[in-house]
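Reader: Before I use this model, I would like the reasons behind the terms applied to it. Please set each value against its definition.

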Amino acid sequence: MPIWLYEISPRAAALIMVVFIESLALTGLVVIRRWVIPRLHYNEGANDAVSGTVQAIGVFYGITVGLIAVGVWNTNSNASELVSREAAAISSLYRDVSGYPAPLRDELRAKVREYTVFVINEAWPAQQIGQGQAIDHGSRILNDFQAMLFSFQPANAGQSALHSETLRAYNNLLEYRRLRIDAVGGGLSTVMWSVIWVGAAISIGIAYFFSIPDFKLHAILIILMGGFLAMVLFMIVINDRPFYGHVRISSDPYKLILERVINVAT
């Protein structure tokens with residue numbers, strides 16, 4: 001799909017897709033009725049044959065597009081869950097390091113806060129199609145945090161337990177961060193989009209061969225089919241890029257942690 005389609009508002013994108021598909025569908029109908037159908041020889045069972053073909057193709061195409069739509073929705077939901085999990089991991093890590101003795105406690109908390117601000121102000125705008133997360137400042141922040149954390153030597157059993165829990169929270173943060181970065185570049189491949197568009201063209205094109213004398217009635221049927229396909233494709237498009245476009249996953253979970261956990265404790 002063209003990149004600019006993700007950058008405009010969902011209402012405009014839906015309108016453009018509907019108008020584009022409907023225009024192509026009606027243009028194809030005019031061409032087929034004008035130049036192809038007059039050259040064919042119809043009999044009484046022609047509509048039955050066309051109807052059976054439409055149903056067969058519609059079933060297979062509907063199953064294919066339905067599975068793709070469900071997969072895209074699951075991908076979008078999983079990406080949103082990853083964001084929430086990473087934000088929760090930041091919160092847990094911040095609370096754990098708050099139990100360390102000064103001045104290490106303040107240094108660790110400052111690094112967690114720096115990473116959270118980085119994600120909100122720098123990483124999120126950088127998550128774009130084809131770009132992924134170009135800024136590696138987040139890795140440097142976590143590396144500095146890790147160096148300070150690993151340098152700590154527990155002096156008693158309580159500090160050992162706290163240190164183990166902090167390491168577990170830190171590893172969780174690293175895991176969710178990596179999964180989020182991997183999800184940034186996700187989306188349907190060119191092959192999948194080719195299957196979707198070619199299948200849509202075949203599904204609409206086969207309906208051109210119904211023997212319907214009234215052009216207006218035939219056009220209405222094509223418009224209904226094209227409109228339905230356009231809305232299904234719009235649903236796939238709107239959920240295909242979880243971190244890009246108008247309908248993207250926001251950084252609100254990180255902002256919430258920053259405002260209600262980190263800034264309150266600072």
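Author: A helix here is a DSSP run of H or I with at least four residues, numbered from the N terminus. By that count, α2 and α7 each supply at least two residues to the lining of the second largest pocket. The model is predicted.

Reader: What makes a residue part of the lining of the second largest pocket, and which residues line it?

Author: A lining residue has an atom within 4 Å of a point of the pocket. The residues that line the second largest pocket are F20, I21, L24, A25, W197, A200, A201, I204, G205 and Y208. The largest contribution, 5 residues, comes from α7. The space in this pocket is about 160 Å³.

Reader: How many residues of that lining are nonpolar, polar and charged?

Author: There are 9 nonpolar residues, 1 polar and no charged ones. Gly counts as polar and Tyr as nonpolar, so G205 falls in the polar class and Y208 in the nonpolar one.

Reader: Which residues are closest to the centre of the largest pocket?

Author: The largest pocket holds about 220 Å³ of space. Of its 14 lining residues, G58, Y61, G62, F228 and L229 are the closest to the centre. Two or more lining residues come from each of α3 (46–97), α7 (190–206) and α8, and α3 has the largest share with 8. By class, this lining has 10 nonpolar, 4 polar and no charged residues.

Reader: How do you know in what sense α2 and α8 run past each other, and at what angle do their axes cross?

Author: Angles run from 0 to 180 degrees between N-to-C directions. The axes of α2 (residues 10–36) and α8 (residues 215–240) come within 8 Å and cross at roughly 145 degrees. The crossing is right-handed. Residues in this contact divide into 20 nonpolar, 3 polar and 2 charged.

Reader: What is the radius of gyration of the protein chain, set against the globule rule?

Author: For 266 residues, a compact globule would have a radius of gyration near 18 Å, whereas the protein chain has 27 Å. The chain therefore does not match the value for a compact globule under the rule of 2.2 Å times the number of residues to the power 0.38. Along the principal axes, its C-alpha atoms fill a box of roughly 95 × 30 × 25 Å.

Reader: How many helices and strands does the protein chain have, and which element has the highest mean pLDDT?

Author: The protein chain has 9 helices and 0 strands. Among its elements, α2 has the highest mean pLDDT, 93, and α1 (residues 4–7) the lowest, 82. The mean pLDDT of the chain is 89, with 96% of its residues at 70 or more.

Notes. Residues are numbered from 1 along each chain as its sequence is written. This is a predicted model: local features need pLDDT of at least 70, side-chain atom pairs count only at pLDDT 80 or more; totals for chains, interfaces and linings use all residues. Side-chain values use heavy atoms; hydrogens and water are left out. A crossing is left-handed if the near helix is turned anticlockwise from the far one by less than a right angle, and right-handed if clockwise. On a 1 Å grid over the protein atoms alone, a cavity is a set of points where a 1.4 Å probe fits but cannot get out, and a pocket is an open set with protein on both sides within 12 Å along at least five of seven lines; lining residues have an atom within 4 Å of a point. Grid points are joined across faces, edges and corners, and a volume is the space filled by probe spheres set on the points. pLDDT is the predictor's confidence in each residue, from 0 to 100.
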